[in-house]
Structures are given as C-alpha cells and as structure tokens.
Amino acid sequence: MRARKENNNANHFPCTKCGAILKYAPGTQHQICDYCHYENHIEERIEEIDEYSLHQALLELSQAQPMSASRQTQCEACGAHFKFEENIHAGECPFCGTAIVIGTTQSQLIKPKSLLPFEIEEDEAKQQFRSWLKGLWFAPNKVKKYARDETKLAGVYLPYWTYDSYTETTYTGDRGNIYYENQRVRFRHKGRLMSEVRRVSKIRWLPVRGRVGRFFDDVLIGASRSLPRQILDRLQPWDLENLVPYNEKYLSGFHSEYYQIEVDEGFDRAKQVMDSVINQDIIFDIGGDRQRIHHRRTDHSDTTYKHCLLPIWSAAFRYRGKSYRFVINGRTGQIQGERPYSYWKIGLTVVLGALCLFGLVFFLEESGMLREIQTGYY
C-alpha cells in the first residue's frame, strides 16, 4: 500500500477496497480501515537507529537559510484547502475528518528519524484516566462524576531529543569526618536541673580536589511547549530500546508535532539533568561522612543526539472556568495531569483531624496517662 502524495506534501493512506483513509491501529503492525476493516501491514524495517553529532548539527544550523515552505494543505477526500496549526504536521481535515500527514521536510531542518508507535488504544487510555480521577483525594464530586462521562482523547506524537555525552568533571570541595568529644550538658529531669558528661559529635573538614567521569546515554528531553515540562518529564520511563525507524504510516489517524525547542536548547536542559547525577558522583568520590562542593567544571565530548517522536493520549476538562490537562503515556498507560481541589473536603479533614487529636488528649488526661508521659519526659 503506497501513500498518495499531493504537491502540497500531504500524505494519505487510502484503503484499496473501499477508498477510505486507513489509520494506524495501536499495538499492531497494521493500518485499519474503519469502514470495511481491511488491514494494511506496515513492513518492519530492520535498521539501526543512528546517533548524530551535535557539534556538526549546530554548525549546519548556523549556516542554514530559514525555511519558508507554504503550510497550505489540501484534503484529497473533500478537496478543502486549510492550514494546520504552526507546530502540527499530522492530524485531521477540519472539514471531513480525513487523516492527513504532512511530510516533515516542509518545516523543520532536523527531521525525526525514529518513533515509538502507540501501544495502548483509546478505550484503554480512557479507563486509565477514569481510574486515576476516581482515586484522587480531595477532588470535587463533580470532577469525580466527570470520570464516568465520555471523554474524547487525542492521540499525539510529541517530539523529543535524546542526548549521549562523555563527561569529565574536575572539582574542589571539603570532606567532613565526624569525631566525638566529651562535653558536659545540662537538662531537666523531674523538674530538677541536672548535668552530665555526654559524647558530642563534631565534624573535621579537610580540603579535597578530584576528577570524575561518566558516559550519559539517551538523556531524554521533551521538545514540545504544548504541555508543562514537569508533566512530560513524569511520563518517563520510555522503552527507547524499541524505537523503530520513522514511518508516516504510524502517524495516520493521530496528531503529530514539530519540535518547538531547538536542539541546542534541549542540550542545555539535558546538561541540567546530567549535572544532578554528576553531583552525586562527586559526593561519592569525596567520601567521608559529610561533603561540600565548592567548585566544579564539566567538559562534554563526543556528544550526539537523536530526534524521535513518542506517543501520548491527551485531553483536558474544565471546572469552574479553569482548564485542567492530563496526558497518558501511549506505551505504558502511566498518567500525569493537573487536578482541582475541593477546599471544603480539605477543611473538613482538618477539622476531623483536630477533633481526633483533642479527643486523644482528653482521654490521656482523664486516664492519667498524660501526666505519666510528661513526668517521664522531664
């Protein structure tokens, strides 16, 4: 089955039996027709997912001319002309709903070379969302009811960068060793002020310097601005070992975004992730009982990157005029999102907690146990 390509670079995947547009079926190697249920097998391409030199990419990007391709698209099914949103290159015709994929050569200089196909179908993703929403503590009852209603999810391939890098870090700092001294301390016992000699811990600091090295493999950074970074980061882990070569047939029936975070900005974020790991390496290298880091310098070498697309199910609901978004990992079903709080439920819980505490104190006082506890403490 070959995709038809228009002059506008829009790709369609028509069914050979009825002519309807085929859509990718999550968890399979097939595109399926919604009308006659014809299945088109997606051939499996066995090839290595390459890493590319970040230094070379930045050099080429600095010398490249800005791309000015037209974003006008024509739907083959109904003939309508329209434009996708600026960051979208796969979606549906707004007039007839036909699945359309625009070639990535039209906008961005760096093209996706691999992707993870959807593994979870929409119905399973809906069930994951309902279970998550029902399990939220302190959520308003109206929001809980929303979990029982029909929710339209959007399947989206989001752009990501991955980075590999060899790092070498030099540092200076202090190693702290704990030692003990005898010291007289005062305390109150049964209402009387007393003193005794106790062993007190102290720290002896020694200046240190050293060098640590580490190789980072596939540090993953979201390249979309459509969702908050903290939501995207919490969708990990992804099974990147199962990446397949980029094939537009997997995109048919889904939305797909161009990257909005450039490869150099993505690497700056990746370095922040690496730095937190390097700090732990330095602390381990310093040794001792306590550690302090005064200065560190990290050099990166042989840095490479990949540009890939990863699948999510996404939706939003409104509550009291505010929109709340949630996303589901299209491979594992892990869900992350924003949620409202019921302040009367929180307040009621606080009041009940205070009443329980008051009741416990009252019981201890009436039974005489509170006096015994206070006496024993002092």
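These are my notebook entries on what I looked up in this structure, which is a predicted model.

**Overall make-up**

I began with the whole protein and found 7 helices and 18 strands in it. Of its 378 residues, 40% count as buried. I then looked at how far apart in sequence the contacting residues lie: among contacts with a separation of 6 or more, residues 24 or more positions apart account for 71%.

**Helix H1 against helix H5**

Next I looked up how helix H1, residues 54-63, lies relative to helix H5, residues 263-286, and I noted that their axes come within 10 Å and cross at roughly 145°. On the H1 side the contact is made by Leu54, Leu58 and Leu61, while H5 contributes Val263, Asp264 and Phe267. Sorted by class, this contact of H1 with H5 has 5 nonpolar residues, no polar ones and 1 charged residue.

**Aromatic pairs**

How many aromatic pairs does the structure have? I recorded a count of 13 aromatic pairs. One I followed up is Trp161 with Tyr305, whose ring centres are 5.9 Å apart and whose planes stand at 70°, so the pair is edge-to-face. Trp161 belongs to strand S12 (residues 154-189) and Tyr305 to strand S16 (residues 290-319), so this pair ties together parts that are 144 residues apart in sequence. I checked the exposure of both partners, and Trp161 and Tyr305 are buried.

I also looked at Tyr163 and Phe267, an aromatic pair that is tilted, with 5.5 Å from centre to centre and 50° between the planes. Since Tyr163 lies in strand S12 and Phe267 in helix H5, the pair ties together parts that are 104 residues apart in sequence. Tyr163 and Phe267 are both buried, and I note that Phe267 is also one of the residues by which H5 makes its contact with H1.

Beyond these pairs, I wrote down one aromatic cluster, formed by Tyr24, Phe118, Tyr157, Tyr250, Phe254 and Trp313.

**Charges over rings**

I looked for arginines placed over aromatic rings and entered two cases. The charged end of Arg204 sits over the ring of Tyr179, 4.2 Å from the ring centre. Arg292 lies over the face of Trp205, at 3.8 Å from the centre of that ring.

**Cysteines**

Why is Cys15 not bonded to Cys36? The closest cysteine sulfur to that of Cys15 is the one in Cys36, and at 3.5 Å it is too far for a bond, because a disulfide needs the two sulfur atoms within 2.5 Å. For the structure as a whole I recorded 0 disulfides. Cys15 has a relative accessible area of 4% and is therefore buried; Cys308, with a relative accessible area of 0%, is buried too.

**Ile42 and its surroundings**

My last entry concerns Ile42, which I located in the loop between strand S5 (39-41) and strand S6 (52-53). Is Ile42 buried or exposed? Its relative accessibility is 0%, so Ile42 counts as buried. I then compared its position with that of His30, which is 12 residues apart from Ile42 along the chain, and found their C-alpha atoms separated by 5.4 Å. Leaving aside neighbours within four places in sequence, Ile42 is in contact with Tyr24, Gln29, His30, Gln31, Asn247, Lys249 and Tyr250. Among these contacts, Tyr24 and Tyr250 are names I had already entered as members of the aromatic cluster.

Definitions and conventions
Residues are numbered from 1 along each chain as its sequence is written. This is a predicted model: local features need pLDDT of at least 70, side-chain atom pairs count only at pLDDT 80 or more; totals for chains, interfaces and linings use all residues. Side-chain values use heavy atoms; hydrogens and water are left out. Axes are lines fitted to C-alpha atoms, for helices over the stretch in contact, and angles run from 0 to 180 degrees between N-to-C directions. Helices (H or I, at least four residues) and strands (E, at least two) are DSSP runs, numbered from the N terminus. Contact means heavy atoms within 4.5 Å. Ala, Val, Leu, Ile, Met, Phe, Trp, Tyr, Cys and Pro count as nonpolar, Asp, Glu, Lys and Arg as charged, and the others, Gly among them, as polar. Rings of Phe, Tyr and Trp (its six-membered ring) pair if their centres lie within 6.5 Å; planes under 30 degrees apart count as stacked, over 60 as edge-to-face and the rest as tilted. Buried means under 20% relative accessible area, exposed over 50%, partly exposed in between (1.4 Å probe, protein chains only). A charge sits over a ring if NZ of Lys or CZ of Arg is within 6 Å of the ring centre and within 35 degrees of the ring normal.
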